[in-house]
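Here is a short briefing to read alongside the structure. Please keep the 3D view open as you go through the points.

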Amino acid sequence: MSKTPLKKEFWGKRNYSLLKTVLSLLLLSATLISLMVGRFEVPPFDIISAILSGFIPSPDLSPTVRSVIVDVRLPRVIAVILVGAALSVAGAAFQGLFRNPLVSPDILGVSAGAGFGAALALLLTENIFITQSFAFLFGLISVGLAYMISRVYRVSSTLTLVLAGIVVAALFQALTSLVKYVADPLNKLPAIVFWLMGSFNHISNSDLMVAGPLLVGGIVILYLVRWRINVLSMGEEDARALGVDVRQQKAIIIMSATIISAAAVSICGIVGWIGLVIPHVGRILVGPDHKLLIPIAALVGASYLLIVDTVARTVTVTEIPIGIITALVGAPVFAYLLRKTQTGWKQ
Amino acid sequence: MTKPLTVSDLSFRYQAKGEATIFSGVTFSLGKGEIFCLIGPNGTGKSTLIKCIAGLLKAESGAIHIDGEDLNTLSPARSARIVGYVPQSHTPSFPFPVKDVVVMGRSPHLGMLSSPSDDDMRIALEAMNSVGISHLAERPCTDISGGEYQLVLIARALTQQPRILLLDEPTSHLDLGNQMKILRTIKKLSTQGLSILMATHFPDHAFLLSGQVGMMMNKGISRVGSAEEIISKEIMQEAYDAEVCIMTLPGSSGRKICVPMLSSGNDPVN
């Protein structure tokens with residue numbers, strides 16, 4: 001007999017519905033608290049009447065409270081939840097697809113490309129819509145470029161794709177530096193730098209109209225193919241022998257994760273570490289099975305980012321860029337998680 | 001009746017221009033419940049041939065028909081319902097429980113968006129039962145031995161409910177007990193009607209399985225026949241450049257064994 005346990009126990013696997021309920025309640029309370037707190041405190045009952053004010057007239061509600069909730073906090077909270085969930089799901093899918101625990105959704109250069117797109121647009125215009133479109137488009141372009149570079153070599157292995165992604169990311173980071181270098185240091189440069197640090201500061205309902213469906217769409221597709229990610233994580237050759245159209249399904253997963261990352265950068269700048277760390281937290285809870293992992297990663301990622309964003313905008317007088325906090329928290333947490341042996345990876 | 005597997009005049013080379021042909025003119029067929037052992041020196045293309053039949057590599061010319069249909073015209077899912085492939089063992093990345101790995105064999109029967117049902121899990125459990133690994137069902141596949149993992153991969157291929165089973169050196173890296181366990185399993189599966197193509201480095205395994213033997217050398221399958229015909233002193237000398245002694249096992253009903261020798265004229269019996 002081997003010394004290893006007969007069964008690797010994951011608490012959240014045996015109590016999956018309980019875990020999902022607990023995490024949903026956590027997300028719900030985080031949402032409520034996030035809507036309440038801020039420079040302008042709103043009691044819970046007013047939040048509900050403000051949200052319902054579109055359907056049920058509530059004459060007692062002050063227009064200021066209504067505006068704070070409906071036009072400012074609600075779109076921001078929804079955006080944070082969607083970005084947190086989407087980046088975590090994309091990270092879990094990529095770590096499975098690339099069979100590597102160090103992979104994050106921007107491994108193929110999407111964040112670097114999107115960051116450059118945003119920086120370029122900020123340099124040229126003041127228009128927020130153009131900035132977002134540029135960010136999104138350059139995100140897609142960077143991954144397309146990585147894909148094309150990897151195709152140049154006859155062996156189109158996953159490793160070549162990842163290496164091409166690193167090349168493309170380096171290229172766009174250099175171009176971003178160039179944009180920063182030529183930008184007017186008094187007004188343009190701070191705007192670019194702040195954007196790249198990541199913030200949900202200026203999310204409006206109209207931002208959500210475009211990015212929201214993209215994020216939701218990406219989550220839904222990855223949720224639907226989540227069992228196939230298990231099969232793909234056995235390696236391309238095994239997956240093909242098991243009747244999987246590897247090229248097609250790899251493309252679907254890469255496209256979904258890329259759309260998610262590009263849409264995220266387009267509304268909130270670069271928020272790192274979520275897609276890298278949260279899937280590991282999910283695996284500690286429920287094990288490696290993506291069928292269970294994807295929903296849990298979405299819930300954990302949404303709650304985590306919402307808590308971080310609420311802290312970022314309330315602890316100090318001026319808002320702290322959220323990308324700084326996710327990195328400050330994410331890096332040590334990740335180091336700790338990798339030290340733990342049972343993270344759902346081979347040891 | 002069409003044979004489960006017919007390979008005709010198959011040749012293969014890696015795509016990069018100027019690369020030498022690995023094999024050409026490979027022709028053989030496999031009937032229902034038959035076992036075909038591929039033997040031959042390293043680098044003669046045994047694994048490559050098996051990967052071509054599994055649809056993992058594309059042959060340069062020639063044809064592979066499974067169940068009477070051209071492999072090239074079948075979708076990955078359709079061919080995986082007919083051909084099960086057991087790769088050479090490699091360590092998986094994720095510690096999936098064994099039963100989760102085995103049930104992946106249902107993929108060719110499932111739509112892209114579906115997950116295995118209870119029925120699929122039942123088929124997986126039956127497959128595990130038939131190769132004798134039911135007791136491992138909940139164990140992480142990263143924590144079991146090489147022999148056990150090989151059986152897991154066989155069970156996974158059986159879960160595809162194929163008609164043809166391809167095994168790429170299923171007994172390499174295994175101890176004697178595990179080798180025999182695998183061979184017993186293969187023999188049992190063939191009596192149940194599964195056609196089996198297996199690459200092996202052990203001539204004795206071909207004797208034990210008593211099916212057809214194909215000797216891969218000189219860029220093709222140079223000889224096909226029964227184990228007794230192919231595994232002879234002369235052919236083994238030619239293929240492996242090694243001295244062997246073929247003997248009938250004393251006290252058996254004509255079971256042959258192949259004994260390697262370090263130098264010629266050194267009969268181990270005397």
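Is helix α5(B) mostly covered or mostly uncovered? It is mostly covered, with 12 of the 14 residues of α5(B) buried. Please bear in mind that this is a predicted model. The points below start with that helix, move through the strands of chain B, and end with chain A, the core and the contact between the chains.

**Helix α5 of chain B**

- Helix α5 of chain B takes in residues 146–159. At 1.5 Å a residue, its 14 residues should span 20 Å, and the end C-alpha atoms are indeed 20 Å apart, so the two values agree.
- The buried residues of α5(B) include E148(B), Y149(B), Q150(B) and R156(B). Also among them are L151(B), V152(B), L153(B) and I154(B).
- Which elements help to cover the buried residues of α5(B)? Among them are the strands β6 (83–86) and β7 (164–168) of chain B, together with the helices α3 (98–102), α4 (118–130) and α6 (176–191) of chain B.
- After α5(B) comes Q161(B), which has a positive phi near 50°.

**Strand β3 of chain B and its partners**

- Strand β3 of chain B, residues 35–39, is mostly covered, and 5 of its 5 residues are buried.
- In a regular strand, side chains alternate between the two faces of the sheet. In β3(B), I35(B), C37(B) and I39(B) point one way, while F36(B) and L38(B) point the other way. All of these residues are buried.
- β3(B) runs parallel to strand β8 of chain B (residues 195–199), and 4 bridges join the two. Opposite L38(B) you will find A199(B) in β8(B).
- β3(B) is also joined by 4 bridges to strand β9 of chain B (residues 212–217), again in parallel. Here F36(B) has Q212(B) as its bridge partner.

**A closer look at M215 of chain B**

- M215(B) lies in strand β9 of chain B.
- Why does M215(B) count as buried? There are 27 other C-beta atoms within 10 Å of M215(B), and the cut-off for a buried residue is 20 or more.
- Beyond its neighbours within four places in sequence, M215(B) is in contact with I39(B), G40(B), I221(B) and S222(B). Its other contacts of this kind are R223(B), I230(B), I235(B) and A239(B).
- M215(B) and A157(B) are 58 residues apart in sequence, and their C-alpha atoms are 25 Å apart in space.

**The antiparallel sheet of chain B**

- Four strands of chain B form an open sheet in the order β2-β1-β4-β5, with antiparallel pairing. Its edge strands are β2 (21–30) and β5 of chain B, each of which pairs on one side only.
- Strand β1 (residues 5–13) and strand β4 (residues 61–66) of chain B run antiparallel and are joined by 5 bridges. V7(B) has I64(B) as its bridge partner in β4(B), and S8(B) stands opposite A63(B).
- β4(B) pairs with strand β5 of chain B (residues 69–70) over 2 bridges, in the antiparallel sense. In this pair, H65(B) stands opposite D70(B).
- The hairpin of β4(B) and β5(B) has 2 residues between the strands, and D67(B) takes a positive phi near 55° there.

**Chain A and the core**

- How many helices and strands does chain A have? The count is 15 helices and 0 strands.
- For 347 residues, a compact globule would have a radius of gyration near 20 Å; chain A has 21 Å, which agrees.
- Along the principal axes, the C-alpha atoms of chain A fill a box of roughly 70 × 50 × 35 Å. Of the 347 residues of chain A, 50% count as buried.
- Of the contacts in chain A between residues at least 6 apart in sequence, 75% join residues at least 24 apart.
- The largest nonpolar core has 185 residues, and V83(A), A86(A), V89(A), A264(A), L166(B) and L197(B) have the most contacts inside it. Helix α4 of chain A (residues 63–97) gives the largest share of this core, 18 residues.
- Leaving out residues up to four places away in sequence, A86(A) touches L215(A), G218(A), I219(A), I260(A) and A264(A).

**Where the chains meet**

- 30 residues of chain A are in contact with 30 residues of chain B. On the chain A side, α10 (226–232) and α11 (236–241) each supply at least two residues.
- By class, that side of chain A has 11 nonpolar, 7 polar and 12 charged residues.

Terms used: Residues are numbered from 1 along each chain as its sequence is written. Chains are lettered from A and ligands numbered from 1 in the order in which they are written. This is a predicted model: local features need pLDDT of at least 70, side-chain atom pairs count only at pLDDT 80 or more; totals for chains, interfaces and linings use all residues. The expected span of a helix is 1.5 Å times one less than its number of residues. Two residues are in contact if their C-beta atoms, placed from the backbone, lie within 7 Å. A nonpolar core is a set of buried Ala, Val, Leu, Ile, Met, Phe, Trp, Tyr and Cys residues joined through C-beta atoms within 7 Å. Two strands pair if DSSP finds at least two bridges between them. Ala, Val, Leu, Ile, Met, Phe, Trp, Tyr, Cys and Pro count as nonpolar, Asp, Glu, Lys and Arg as charged, and the others, Gly among them, as polar. The radius of gyration is taken over C-alpha atoms; the globule rule is 2.2 Å times the number of residues to the power 0.38.
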